[in-house]
Each structure stands twice: as structure tokens, then as C-alpha cells.
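Trainee: Please take one part of this model and go through it closely. I would like the ligand site described contact by contact.

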Amino acid sequence: MVNIAILGFGTVGSGVYEVLDVNRESITKKTGDEINVKYVLDLREFPGQPVEKVLVHDYDTIVNDSEVDIVVEAMGGTDPAYTYAKKALESGKNYCTSNKELVAKYGPELLELAKKNNKNFLFEASVGGGIPIIRPLNHSLTSDEILEITGILNGTTNFILTKMDREGLDFDTVLKEAQDLGYAERNPEADVEGYDACRKIAILSSLAFGENVNYEDIYTEGITKITDTDFKYAAAMNRSVKLLARCKREDDKFFAMVAPFMVGSEFPLYSVAGVLNGVLVKGNTVGDVMFYGSGAGKLPTASAVVSDVVEAAKHLNTNIMTIWSSKKLELGDKSEAVNSFFVRVGKASEATAKELFGDVEVCSAEGVEGEFAFITAAMKEKDFADKISKIADVKQVIRVQK
Ligand code: NDP
Ligand code: HSE
């Protein structure tokens with residue numbers, strides 16, 4: 001029997017408990033051993049619920065129990081998750097987590113500690129919820145040099161943007177719905193301001209390029225400034241607005257960014273809607289590979305966590321190699337990145353805009369008047385910033401996926 005302890009019995013933690021219960025038989029077959037939840041740690045009580053029998057409130061009970069083989073963390077945040085992770089690995093336990101904040105900040109250190117102790121630090125659910133993306137990067141795509149990753153990596157914002165686009169609903173109403181469905185972070189600012197997607201692309205780029213991408217170095221914009229008017233223009237152009245997280249290697253330079261983009265219907269991530277996430281990986285020999293599935297939510301996320309539990313149970317005393325060194329990967333300056341931009345300015349600035357940006361694609365949308373909207377040619381971010389600073393009444397700027 002393999003004993004596990006679950007830290008945090010919220011959306012994900014309770015999902016892990018449920019998946020292990022519902023799929024007990026097949027999981028036992030695939031693991032070659034039964035997985036037993038010996039403890040659940042939470043701050044709350046759960047009177048009358050089955051979990052009550054294994055509920056504890058003191059982490060020492062878990063970490064000092066030599067029968068616990070695997071600790072599963074679904075509490076979120078870095079304090080006390082970081083301390084708990086270190087203690088678990090130092091005590092000879094494997095550690096599986098859905099906590100991207102922890103992974104983005106302490107990934108290389110905890111991987112190193114796991115290696116030193118011949119244990120595993122696994123985090124499949126930390127990016128893309130239920131989508132297998134960490135293991136494919138670590139195992140299936142090892143033949144390739146990864147050139148580029150572009151993802152819709154946040155379920156909450158994709159859910160909000162899709163509802164704004166397709167149902168014309170307002171931002172706050174849809175955010176509340178995403179929170180009720182258990183998609184959003186405890187502080188939803190992490191979702192809507194793009195910080196969550198930023199941590200996730202930092203994790204993916206670190207794994208893809210083998211060195212540590214500091215999430216604080218990644219230029220990040222959220223979706224709070226996207227309006228229904230933007231969606232009217234997008235619809236008229238057969239486009240939509242998506243929060244894209246991307247990283248790219250160009251020769252020996254690396255770029256990463258999180259921002260809303262206008263994407264056309266021919267773009268593979270265009271039809272990734274609602275809470276679904278999609279990750280497009282470009283390798284130098286395999287070409288494009290796309291991963292798609294539920295990016296958040298109780299059972300999909302728990303499914304990814306349990307896949308880590310099974311993996312850890314099959315390698316209780318063998319470290320599975322993960323290439324993510326603590327050496328810092330320097331990112332190229334965002335101002336050198338090349339993009340084209342959808343811009344809305346006041347009608348009075350039409351002539352100035354045409355003069356500054358030259359041959360632009362003029363945009364129109366039904367029912368929108370009194371402004372001038374256009375898409376620029378591809379240009380360096382710094383050149384765009386210089387030109388746009390000369391226009392007084394800029395209403396909107398959204399990058400365009402070409
Ligand atoms: P929840 O807030 O639903 O659950 C967290 C649980 O952990 C709560 O029950 C909380 O108790 C408990 N908890 C917090 N701190 C402690 C502590 N110090 N000791 C014991 N228990 C504690 O969060 P989620 O389940 O949604 O998310 C968990 C993690 O998974 C986060 O890192 C999140 O980013 C990540 N994640 C979430 C996904 C989702 O769809 N929800 C998808 C992918 C990843 P209390 O409520 O009393 O504070
Ligand atoms: N809040 C996150 C999201 C949870 O909406 O994508 C999954 O990581």
C-alpha cells in the first residue's frame with residue numbers, strides 16, 4: 001500500500017480525494033499498488049463527512065509519519081507550502097503539487113532537493129489544469145529543441161473573454177461565475193491581471209529551455225481593459241480576443257510575454273473557448289504540437305494531480321530527471337520584440353495616426369462611431385511605443401496574432 005497525505009481540502013484537494021475514490025480499481029491496477037489517503041490536512045473541520053476520519057491540523061503528524069510516501073499539496077500560496085515541501089522532501093517523501101506560485105518561485109530548488117533525496121517533486125497540474133503538458137515536455141518532446149510555446153493558460157480569463165465575446169456579458173458577472181465554479185484563484189487579480197498565466201509560462205519556458213525563467217522578468221498584461229467595443233471590432237474581422245502567454249527562442253535570444261491578442265479564426269488557439277486551455281508547442285523537428293483540455297476546475301485538475309501521485313508511487317525511491325537548472329535565463333528586452341497592433345483612437349487623431357503609422361488596415365465595427373481604428377504593420381515594440389506616445393486620445397491597443 002502507498003500512503004499519501006493531502007494538504008488542503010478545497011476545490012483541488014477534495015477533487016484528488018474523489019478521483020482516488022471513484023477510480024480506485026483502475027488506479028490500483030495502473031500503479032501496481034493501492035493508494036491510501038492516510039491524512040488530509042486542512043484548517044477547517046468537515047463534520048459528518050468521510051474525510052473527517054483522516055483529518056489532521058498539524059503538519060508534523062504527516063511529516064513525522066514514516067508510513068507516508070507521498071505528500072500532495074493543494075493549499076496554494078508559498079507560505080507555508082514552501083516550508084512543507086522542503087520538510088517533506090528532506091523527510092524522504094515525494095511531493096506532488098498543483099501550486100504554480102510555489103513551482104514558479106521555487107521549482108529549481110525543490111527539484112534539486114528531490115534529486116538529492118532520491119525523491120520526486122511533481123507538478124503536472126500547475127500548468128493547464130487537466131492538460132498533460134509538463135510530462136510531455138519532460139519526456140515525449142526530449143528529441144526536440146523547443147522553439148516556441150504559445151498558450152491559453154488561464155481558464156478564468158478564457159471563460160470571461162469567451163462569455164464577453166459570445167454572450168455579450170459584462171466582466172464582473174462572468175468573473176463571479178468563474179469564482180463560483182472554482183476556476184479562479186483565491187485572489188482573482190492573479191487571473192485577470194495575467195499573473196497566473198505569467199507563472200505558468202515561466203514554468204513552461206524553464207522546462208523548454210532548461211534554465212530558470214524568473215516570472216518577474218516576463219512582461220505581463222491582463223484582460224481588465226478589454227471592452228465590448230473591442231469584441232465588436234474583432235467580430236467584424238472574424239477574430240476574437242484571447243489572453244496569450246508565449247515564449248520564443250530566436251537564435252540565442254529568448255523572449256516571453258503575457259498579453260491579450262486579437263487572434264484570427266485560422267489560428268489554432270482561436271476555438272479554445274470557455275474554461276478550456278490550449279498549448280501550442282513548436283519543436284525544431286516535430287513542428288507544431290497542440291495540447292487541449294480543461295484548464296481549471298475540481299476534477300480535471302485533480303486528474304492531473306493524481307497522475308503525479310501514480311507516477312510518484314511507481315518511482316517512490318527513484319528520482320525522475322527533470323531539466324530545470326537554477327541558472328537564470330536572461331530574457332531579451334520586450335522593446336525588441338516584433339508585433340502588430342490593433343489601435344483605437346479618437347476621430348480627431350485619424351490624420352496623425354495615418355501619418356505616423358503609414359499604410360494601416362482600417363477597421364470598422366457595427367454601431368461604433370466617433371473613433372478611428374486600425375491595425376499596424378509588424379514593428380518593434382519600441383517603435384510602436386514611440387509612435388503611439390504622439391497620439392493624445394488613444395482608446396485601446398491590443399496586439400494582433402499574425
Ligand atoms: P481552495 O482555496 O479551494 O483550497 C485550498 C484549501 O487549502 C482550503 O480548504 C484552505 O482552507 C486550505 N488551506 C490553506 N492554507 C492552509 C494551511 N496552511 N494548512 C491547511 N490547509 C490550508 O484552492 P484550490 O483548490 O482552488 O487551489 C489549490 C491550489 O491549486 C492553488 O495553488 C491553485 O492555484 C492551484 N490550482 C487550482 C485550480 C483550480 O481550478 N481551482 C487548477 C489548477 C491549480 P481555508 O479555506 O480554510 O483557507
Ligand atoms: N485560476 C486558474 C485558472 C486555475 O483559472 O486557470 C488553474 O490553474
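Mentor: Start with ligand 1, which has 23 residues around it; of these, Arg44, Ser98, Lys100, Glu185 and Gly297 come nearest. Bear in mind throughout that this is a predicted model.

Three polar contacts of ligand 1 can be listed, each made through an oxygen atom of the ligand. The backbone of threonine 11 places an N or O atom 2.9 Å from an oxygen atom of ligand 1. Serine 98 uses its side chain instead: an N or O atom there is 2.7 Å from a ligand oxygen. Glycine 297 contributes a backbone N or O atom, which lies 2.7 Å from an oxygen atom of ligand 1. Taken alone, ligand 1 exposes 880 Å², and the protein buries 84% of that area. As for its location, ligand 1 sits in the largest pocket.

Ligand 2 belongs in the same description, since the space it takes is the largest pocket. The residues surrounding ligand 2 include Lys100 and Glu185, and both of these are also among the residues that come nearest to ligand 1. The rest of the shell around ligand 2 can be followed along the chain: Asn154, Gly155 and Thr156, then Tyr183 and Ala184, then Asp191, Asp196 and Lys200, and finally Gly295 and Ala296. Two helices, α7 (155–167) and α10 (195–209), each supply at least two residues of that shell.

The polar contacts of ligand 2 involve both oxygen and nitrogen atoms of the ligand. Asparagine 154 has a side-chain N or O atom 3.4 Å from an oxygen atom of ligand 2. For glycine 155 the partner is a backbone N or O atom, 2.7 Å from an oxygen atom of the ligand. Tyrosine 183 also takes part through its backbone, where a polar atom is 2.7 Å from a nitrogen atom of ligand 2. By itself ligand 2 exposes 250 Å², of which the protein buries 93%.

One further residue can be added for the protein itself. Threonine 31 is found in helix α2, which spans residues 24–31. Its relative accessible area is 11%, so threonine 31 counts as buried. The side chain of threonine 31 reaches the backbone oxygen of isoleucine 27 at 2.6 Å. Beyond the neighbours within four places in sequence, threonine 31 is in contact with Val310, Ala313 and Lys314.

Key. Residues numbered from 1 in each chain as written. Chains lettered and ligands numbered in written order. Predicted model: local features only at pLDDT ≥ 70, side-chain atom pairs only at ≥ 80, totals over all residues. Heavy atoms only, no water. Helix = DSSP H or I, 4+ residues; strand = E, 2+ residues; numbered from the N terminus. Buried < 20%, exposed > 50% of the residue type's maximum accessible area, 1.4 Å probe, protein only. Polar contact = N/O pair within 3.5 Å; in protein donor to acceptor, adjacent residues only side chain to side chain. Contact = heavy atoms within 4.5 Å. Near = heavy atom within 4 Å. Areas by Shrake-Rupley, 256 points an atom, 1.4 Å probe, with all protein chains shown as cover. 1 Å grid on protein atoms, 1.4 Å probe; cavity = no way out; pocket = protein on both sides within 12 Å on 5 of 7 lines; lining within 4 Å. Sits in = over half its atoms within 2 Å of the grid points.
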